[in-house]
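This report looks at a sheet, the helices that pack on it, and a pocket. The sequence and structure are shown first.

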Amino acid sequence: MTPESHPLTDTDLTADDAPLPPPGCPAHGLGPGGVRRLYGPEAEDLGALYEKLRAEHGAVAPVLIHDDVPMWVVLGHTENLHMVRSPSQFTRDSRTWAQLRSGRVKPDHPLTPHFAWQPICSYAEGDEHLRLRGAVTGAMSTIDYRGLRRYINRTTQTLVNRFCEAGRADLVSQFADHLPMAVMCEVLGMADEYNDRIVHAARDMLKGTETAIASNQYIVDALTRLTARRRTQPEEDFTTHLVNHPARLTDDEIREHLRLVLIAAYEATANLIANVLRVILTDPRFRAQLNGGQMTVPEAVEQSLWDEPPFSGILGYFAKQDTELGGQRIRKGDGLLFGIAPGNVDPRVRPDLSAGMQGNRSHLAFGGGPHECPGQDIGRAIADTGIDALLMRLPDIQLDCAEDELRWTASIASRHLVELPVRFEPRPPQDVKQRPGPRPLPTQRPGWLITTGGPEITEPVAARPVPREPVTAGSAASAPGARPLPAQAAAEPRRRLGPWRRVVRWWRGD
């Protein structure tokens with residue numbers, strides 16, 4: 001019997017199986033066995049690379065991540081949904097990854113922060129997942145979204161006050177990077193920790209710079225203090241509800257889940273806000289629809305979640321058994337990349353990418369299945385309210401550079417806009433602390449009346465004499481002993497009878 005051949009991404013592949021092409025060769029972006037790399041020069045435009053892989057392999061394609069570690073990337077919309085909704089076949093627990101167990105993936109691998117196992121709900125399975133996830137979703141359910149939207153609006157006005165007098169701003173560093181962090185600090189119950197430093201620490205940690213470890217420790221220390229404070233001083237916030245949940249999370253579990261919620265919501269929402277604002281500023285048709293009422297801000301946000309999801313891919317999912325996905329044989333222990341961005345543009349679900357997706361929330365931006373993002377409503381609320389308030393405050397905002405000058409920092413996980421310079425007419429700051437209340441009514445003009453013509457009447461009504469109707473000999477007022485009618489009663493207009501009463505009077509002969 002002929003031995004069965006396996007794909008080049010299974011655990012038997014080694015870096016020495018095929019020689020690398022020399023520099024300058026057209027195949028220089030390919031790895032061992034001709035498998036395409038998701039890093040290096042060819043991967044600078046991941047969107048184009050995903051389309052090449054789709055044309056070559058279909059909905060599921062073999063790829064190489066850093067250090068030429070083999071993996072699968074799931075490109076199809078249906079295949080991605082099947083993977084994330086089938087916990088019996090695929091798991092988020094990276095400890096089952098064959099490449100990691102064999103030592104092929106080193107501890108210092110560049111993508112270790114993306115797949116390293118942690119004792120949090122994102123990597124847990126079964127009963128442990130239910131316990132941890134139940135605590136997070138339970139705390140999420142206590143959020144007052146009406147009050148949250150008021151806070152988002154006030155925070156937006158505060159941020160705009162910082163640059164409204166200048167007439168110019170960078171909406172990434174001065175708005176999109178700050179608004180989610182300020183709101184999430186309020187939600188978690190650590191509003192006093194919000195400042196420029198924690199924003200810089202979160203952004204620095206996500207970039208993976210030389211100071212990323214120190215930045216991560218700064219955030220962990222802040223969350224540790226918050227956990228200890230809420231143990232002794234409970235309040236009405238997310239952290240307190242997480243501490244008091246019947247799941248009885250430990251301090252370490254609380255801190256790590258706070259870190260997960262804070263960083264995931266911050267990165268996703270910052271990218272989402274920047275992406276929506278970029279499209280509004282660069283696409284005249286999109287902005288015309290928004291200004292003309294054909295599209296609302298929430299619909300614009302959903303469109304952006306289709307076209308430019310905040311996270312383009314999640315690393316990763318791992319096969320719990322031999323299975324088949326998208327026509328490819330997946331072996332037990334193989335790793336798979338959850339392809340959010342390529343799945344959202346799958347031609348089978350979006351044959352025309354220029355068609356609007358208003359009202360359609362079947363995108364992959366927030367995942368699916370048991371590990372679907374529990375904070376997606378918070379992200380939507382921050383983006384919807386913040387962008388709407390910004391555009392109301394600065395309706396004449398315009399891009400302050402050529403569109404082709406905009407730059408991004410991209411990775412397998414996300415694509416972050418570096419800056420978004422804008423200009424607008426300078427405006428004075430607003431008082432964000434003033435509470436709305438009843439305003440005094442304007443002074444009414446004395447004797448003001450609505451007339452159908454003739455000269456304007458300026459004399460007060462009470463000062464004019466009330467005319468009396470003439471009294472005839474046969475009237476009731478002229479009868480002996482009759483009391484004179486009051487002046488007001490005599491001046492009252494005669495009430496017009498309704499149709500039925502007029503018919504009755506006519507029938508009676510009146």
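## Strand S8

In this predicted model, strand S8 is covered on both of its faces. Gly335, Leu337 and Gly339 point to one side and are buried; Leu336 and Phe338, on the other side, are buried as well. The strand spans residues 335-339, and five of its five residues are buried.

S8 has two strand partners. With strand S2 (residues 69-74), S8 pairs in the parallel sense over three bridges. In this pairing Val73 stands opposite Leu337, and Trp72 stands opposite Leu336. With strand S5 (residues 313-319), the pairing is antiparallel and runs over five bridges; here Phe318 has Gly335 of S8 as its bridge partner.

## Strand S2 and the hairpin

S2 is also mostly covered, with six of its six residues buried. Val69, Met71 and Val73 are buried on one face, while Pro70, Trp72 and Val74 are buried on the other.

S1 and S2 run antiparallel and are joined by six bridges. Ala61 stands opposite Val73 of S2, the residue that also stands opposite Leu337 in S8. The two strands S1 and S2 form a hairpin, with three residues between them. Within that turn, Asp67 has a positive phi of about 65 degrees.

## The sheet as a whole

Which order do the strands take in the open sheet? The order is S1-S2-S8-S5-S3, five strands with mixed pairing. Strand S1 (60-65) and strand S3 (90-91) are the edge strands, each pairing on one side only. Helix H1 packs on this sheet and touches S1, S2 and S8. The direction of H1 makes about 130 degrees with that of S1.

## Helix H2

Helix H2 lies across S1, S2, S3, S5 and S8. Relative to S8, H2 runs at about 120 degrees.

Why is H2, residues 77-84, described as largely enclosed by the rest of the structure? Six of its eight residues are buried, so H2 is largely enclosed in that sense. "Buried" here stands for under 20% relative accessible area. The buried residues of H2 are His77, Glu79, Asn80, Leu81, Met83 and Val84.

## The second largest pocket

The second largest pocket has a volume of about 1100 Å³. Its lining consists of 38 residues. Arg278, Asp307, Glu308, Val345 and Arg415 are the lining residues that lie nearest the centre of the pocket. By residue type, the lining divides into 15 nonpolar, 12 polar and 11 charged residues.

Several elements each supply at least two residues of this lining. They are the helices H1 (46-57), H12 (251-282), H13 (284-292), H14 (297-307) and H15 (340-344), together with strand S10 (408-410). Which element gives the largest share of the lining? H1 does, with five residues. H1 therefore appears twice in this account: as a helix that packs on the sheet, and as a contributor to the lining of the second largest pocket.

Key. Residues numbered from 1 in each chain as written. Predicted model: local features only at pLDDT ≥ 70, side-chain atom pairs only at ≥ 80, totals over all residues. Heavy atoms only, no water. 1 Å grid on protein atoms, 1.4 Å probe; cavity = no way out; pocket = protein on both sides within 12 Å on 5 of 7 lines; lining within 4 Å. Points joined across faces, edges and corners; volume = space filled by probe spheres on them. Helix = DSSP H or I, 4+ residues; strand = E, 2+ residues; numbered from the N terminus. Nonpolar A, V, L, I, M, F, W, Y, C, P; charged D, E, K, R; others polar. Buried < 20%, exposed > 50% of the residue type's maximum accessible area, 1.4 Å probe, protein only. Pairing = 2+ DSSP bridges. Contact = heavy atoms within 4.5 Å. Axes fitted to C-alpha atoms, helices over the stretch in contact; angles between N-to-C directions.
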